Amino acid sequence: MRWDRFFDDLEDQLASEWEAERAALDTEAERLRLSRLEMRQRIAALPAPAGEDAVSWELTDGSMVTAASVGVGADWVALRDTRPRAGVTLVPFTAIVGIRMTQPDLLRTARPDAGAGSGLSSRMTFGFVIRDLVRRRAAVALQLASGRGMTGTIDRAGADHLDIALHDPGSPRRTGDVTGYRMVPFAALAWVRAEDGLSVL
(Lines give C-alpha, C1' and ligand atoms only; values in the text may rest on other atoms or scores of the structure.)
Protein backbone atom coordinates (compact mmCIF):
# COMPACT_ATOMS: atom_id res chain seq x y z
CA MET A 1 0.00 0.00 0.00
CA ARG A 2 2.87 2.30 0.76
CA TRP A 3 4.22 1.84 -2.77
CA ASP A 4 0.78 2.54 -4.23
CA ARG A 5 0.65 5.85 -2.39
CA PHE A 6 4.19 6.64 -3.52
CA PHE A 7 3.28 6.10 -7.19
CA ASP A 8 0.03 8.04 -6.77
CA ASP A 9 2.03 10.94 -5.32
CA LEU A 10 4.46 10.78 -8.23
CA GLU A 11 1.58 10.80 -10.73
CA ASP A 12 -0.03 13.78 -8.98
CA GLN A 13 3.29 15.61 -8.94
CA LEU A 14 3.89 14.87 -12.63
CA ALA A 15 0.33 15.99 -13.51
CA SER A 16 0.83 19.24 -11.56
CA GLU A 17 4.12 19.90 -13.36
CA TRP A 18 2.48 19.23 -16.72
CA GLU A 19 -0.37 21.62 -15.86
CA ALA A 20 2.08 24.30 -14.73
CA GLU A 21 4.15 23.90 -17.89
CA ARG A 22 1.04 23.99 -20.11
CA ALA A 23 -0.23 27.12 -18.31
CA ALA A 24 3.18 28.79 -18.80
CA LEU A 25 3.16 27.88 -22.51
CA ASP A 26 -0.41 29.15 -22.90
CA THR A 27 0.54 32.42 -21.19
CA GLU A 28 3.61 32.84 -23.40
CA ALA A 29 1.58 32.03 -26.53
CA GLU A 30 -1.01 34.65 -25.51
CA ARG A 31 1.72 37.25 -24.96
CA LEU A 32 3.17 36.44 -28.38
CA ARG A 33 -0.30 36.70 -30.01
CA LEU A 34 -0.95 40.06 -28.35
CA SER A 35 2.47 41.35 -29.44
CA ARG A 36 1.38 40.83 -33.06
CA LEU A 37 -2.05 42.45 -32.66
CA GLU A 38 -2.34 45.76 -34.53
CA MET A 39 -4.43 48.76 -33.53
CA ARG A 40 -6.28 48.46 -36.84
CA GLN A 41 -7.52 44.99 -35.88
CA ARG A 42 -8.70 46.22 -32.49
CA ILE A 43 -10.53 49.21 -33.98
CA ALA A 44 -12.19 46.89 -36.53
CA ALA A 45 -13.43 44.74 -33.63
CA LEU A 46 -15.08 47.66 -31.82
CA PRO A 47 -18.82 47.24 -31.31
CA ALA A 48 -21.23 50.09 -32.05
CA PRO A 49 -22.36 50.96 -28.50
CA ALA A 50 -24.70 53.84 -27.76
CA GLY A 51 -25.42 56.14 -24.85
CA GLU A 52 -23.01 56.05 -21.94
CA ASP A 53 -21.11 53.13 -23.47
CA ALA A 54 -20.34 55.04 -26.70
CA VAL A 55 -16.71 55.13 -27.76
CA SER A 56 -14.90 58.48 -27.53
CA TRP A 57 -11.91 59.29 -29.70
CA GLU A 58 -9.31 61.77 -28.48
CA LEU A 59 -7.52 63.38 -31.42
CA THR A 60 -4.29 65.33 -31.86
CA ASP A 61 -6.16 68.64 -32.22
CA GLY A 62 -7.35 68.24 -28.61
CA SER A 63 -10.92 67.34 -29.54
CA MET A 64 -12.90 64.43 -28.12
CA VAL A 65 -15.35 62.89 -30.61
CA THR A 66 -18.03 60.45 -29.47
CA ALA A 67 -18.60 58.28 -32.52
CA ALA A 68 -18.93 54.75 -33.84
CA SER A 69 -16.42 53.42 -36.34
CA VAL A 70 -18.20 52.63 -39.60
CA GLY A 71 -15.14 51.65 -41.64
CA VAL A 72 -11.49 50.84 -41.04
CA GLY A 73 -8.76 51.05 -43.65
CA ALA A 74 -5.08 50.25 -43.58
CA ASP A 75 -4.18 53.42 -41.67
CA TRP A 76 -7.48 55.28 -41.04
CA VAL A 77 -10.89 54.94 -39.47
CA ALA A 78 -14.23 56.41 -40.60
CA LEU A 79 -16.30 57.69 -37.67
CA ARG A 80 -20.02 58.44 -37.62
CA ASP A 81 -20.64 61.06 -34.98
CA THR A 82 -23.50 60.46 -32.56
CA ARG A 83 -24.86 63.95 -33.23
CA PRO A 84 -27.67 64.10 -35.81
CA ARG A 85 -26.55 64.79 -39.40
CA ALA A 86 -22.89 65.06 -38.37
CA GLY A 87 -21.77 62.89 -41.28
CA VAL A 88 -18.71 60.67 -41.51
CA THR A 89 -15.25 61.84 -40.50
CA LEU A 90 -12.02 60.27 -41.77
CA VAL A 91 -9.31 60.07 -39.11
CA PRO A 92 -5.78 58.82 -39.83
CA PHE A 93 -4.44 56.51 -37.13
CA THR A 94 -1.58 58.96 -36.52
CA ALA A 95 -4.16 61.51 -35.31
CA ILE A 96 -5.60 59.22 -32.61
CA VAL A 97 -4.27 60.04 -29.14
CA GLY A 98 -6.55 57.64 -27.26
CA ILE A 99 -9.84 55.76 -27.46
CA ARG A 100 -12.15 55.72 -24.42
CA MET A 101 -14.40 52.68 -24.05
CA THR A 102 -15.73 50.32 -21.42
CA GLN A 103 -13.47 47.58 -20.06
CA PRO A 104 -15.57 44.77 -21.63
CA ASP A 105 -15.25 46.47 -25.03
CA LEU A 106 -11.51 46.94 -24.49
CA LEU A 107 -11.08 43.24 -23.68
CA ARG A 108 -13.33 42.22 -26.60
CA THR A 109 -11.05 44.02 -29.06
CA ALA A 110 -8.08 41.93 -27.88
CA ARG A 111 -9.73 38.53 -28.42
CA PRO A 112 -8.07 36.11 -30.86
CA ASP A 113 -10.81 36.57 -33.48
CA ALA A 114 -10.88 40.38 -33.10
CA GLY A 115 -10.82 42.25 -36.40
CA ALA A 116 -10.13 39.03 -38.29
CA GLY A 117 -11.75 40.29 -41.49
CA SER A 118 -9.39 41.03 -44.35
CA GLY A 119 -11.72 42.85 -46.71
CA LEU A 120 -10.77 45.30 -49.41
CA SER A 121 -11.17 48.27 -47.07
CA SER A 122 -8.42 46.91 -44.81
CA ARG A 123 -5.97 47.46 -47.68
CA MET A 124 -7.18 50.97 -48.57
CA THR A 125 -4.76 53.62 -47.37
CA PHE A 126 -5.68 57.10 -46.19
CA GLY A 127 -4.19 58.49 -49.43
CA PHE A 128 -6.43 56.21 -51.51
CA VAL A 129 -9.56 57.58 -49.82
CA ILE A 130 -8.35 61.19 -50.14
CA ARG A 131 -7.69 60.62 -53.87
CA ASP A 132 -11.30 59.41 -54.18
CA LEU A 133 -12.44 62.75 -52.71
CA VAL A 134 -10.27 64.50 -55.33
CA ARG A 135 -11.93 62.47 -58.09
CA ARG A 136 -15.39 63.41 -56.77
CA ARG A 137 -14.43 67.11 -56.44
CA ALA A 138 -16.03 66.94 -52.99
CA ALA A 139 -15.95 70.03 -50.79
CA VAL A 140 -14.33 69.16 -47.47
CA ALA A 141 -13.67 70.50 -44.02
CA LEU A 142 -10.38 69.47 -42.52
CA GLN A 143 -8.82 69.99 -39.13
CA LEU A 144 -5.09 70.19 -38.51
CA ALA A 145 -3.42 68.66 -35.47
CA SER A 146 -2.61 72.24 -34.44
CA GLY A 147 -6.35 72.92 -34.04
CA ARG A 148 -6.71 75.08 -37.14
CA GLY A 149 -9.56 74.27 -39.52
CA MET A 150 -9.90 74.76 -43.27
CA THR A 151 -12.68 74.33 -45.81
CA GLY A 152 -12.37 73.93 -49.54
CA THR A 153 -11.85 71.38 -52.28
CA ILE A 154 -8.90 69.01 -52.50
CA ASP A 155 -7.31 69.57 -55.91
CA ARG A 156 -4.76 66.75 -55.78
CA ALA A 157 -3.31 64.20 -53.38
CA GLY A 158 0.19 62.77 -53.36
CA ALA A 159 1.65 59.86 -51.45
CA ASP A 160 1.80 61.76 -48.16
CA HIS A 161 0.15 65.15 -48.70
CA LEU A 162 -2.73 66.98 -50.35
CA ASP A 163 -3.32 70.32 -52.05
CA ILE A 164 -6.49 72.17 -51.06
CA ALA A 165 -8.13 75.19 -52.68
CA LEU A 166 -9.68 77.17 -49.84
CA HIS A 167 -13.23 78.51 -50.16
CA ASP A 168 -16.29 79.02 -47.99
CA PRO A 169 -18.14 75.92 -46.82
CA GLY A 170 -21.21 75.04 -48.85
CA SER A 171 -20.04 76.84 -51.97
CA PRO A 172 -18.64 75.13 -55.08
CA ARG A 173 -15.01 75.55 -56.08
CA ARG A 174 -14.99 78.50 -58.45
CA THR A 175 -11.77 80.32 -59.25
CA GLY A 176 -13.23 83.65 -58.13
CA ASP A 177 -14.33 82.21 -54.78
CA VAL A 178 -10.99 80.58 -53.90
CA THR A 179 -9.28 82.52 -51.11
CA GLY A 180 -5.99 80.63 -51.13
CA TYR A 181 -4.17 77.35 -51.59
CA ARG A 182 -2.40 75.09 -49.11
CA MET A 183 -0.22 72.01 -49.33
CA VAL A 184 -0.95 69.91 -46.24
CA PRO A 185 0.97 66.79 -45.15
CA PHE A 186 -1.24 63.88 -44.13
CA ALA A 187 0.76 63.75 -40.88
CA ALA A 188 -0.56 67.23 -39.98
CA LEU A 189 -4.25 66.21 -40.27
CA ALA A 190 -6.50 65.43 -37.33
CA TRP A 191 -9.53 64.65 -39.52
CA VAL A 192 -11.22 65.22 -42.89
CA ARG A 193 -14.98 65.43 -43.47
CA ALA A 194 -16.74 65.61 -46.84
CA GLU A 195 -19.46 68.26 -46.76
CA ASP A 196 -21.93 66.25 -48.82
CA GLY A 197 -21.49 63.10 -46.74
CA LEU A 198 -19.03 60.32 -47.36
CA SER A 199 -19.98 57.12 -49.13
CA VAL A 200 -16.61 55.71 -50.14
CA LEU A 201 -16.90 52.74 -47.78
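1. Buried here means under 20% relative accessible area, exposed over 50%, and partly exposed in between (1.4 Å probe, protein chains only). By that scale Asp155 counts as buried at 13%. Please keep in mind that this is a predicted model: local features need pLDDT of at least 70, side-chain atom pairs count only at pLDDT 80 or more, and totals for chains, interfaces and linings use all residues. Residues are numbered from 1 along each chain as its sequence is written, and side-chain values use heavy atoms, leaving out hydrogens and water.

2. Asp155 forms a salt bridge (side-chain nitrogen of Lys or Arg within 4 Å of a carboxyl oxygen of Asp or Glu) with Arg173, at 2.9 Å from N to O. The pair links distant parts of the chain, with Asp155 in strand β7 and Arg173 in the loop between β8 and β9, 18 residues apart. Arg173 is partly exposed at 28%.

3. A helical pair is worth a look too: Asp132 and Arg136 form a salt bridge with their closest N and O atoms 2.7 Å apart. They sit 4 residues apart in helix α4, about one helical turn. Helices (H or I, at least four residues) and strands (E, at least two) are DSSP runs, numbered from the N terminus. Shared partners join Asp132, Arg135 and Arg136 into one network.

4. On packing, the largest nonpolar core (buried Ala, Val, Leu, Ile, Met, Phe, Trp, Tyr and Cys residues joined through side-chain atoms within 4.5 Å) has 25 residues. Helix α4 gives the most to this core, with 5 residues. Ile130, Leu162 and Leu189 have the most contacts inside the core.
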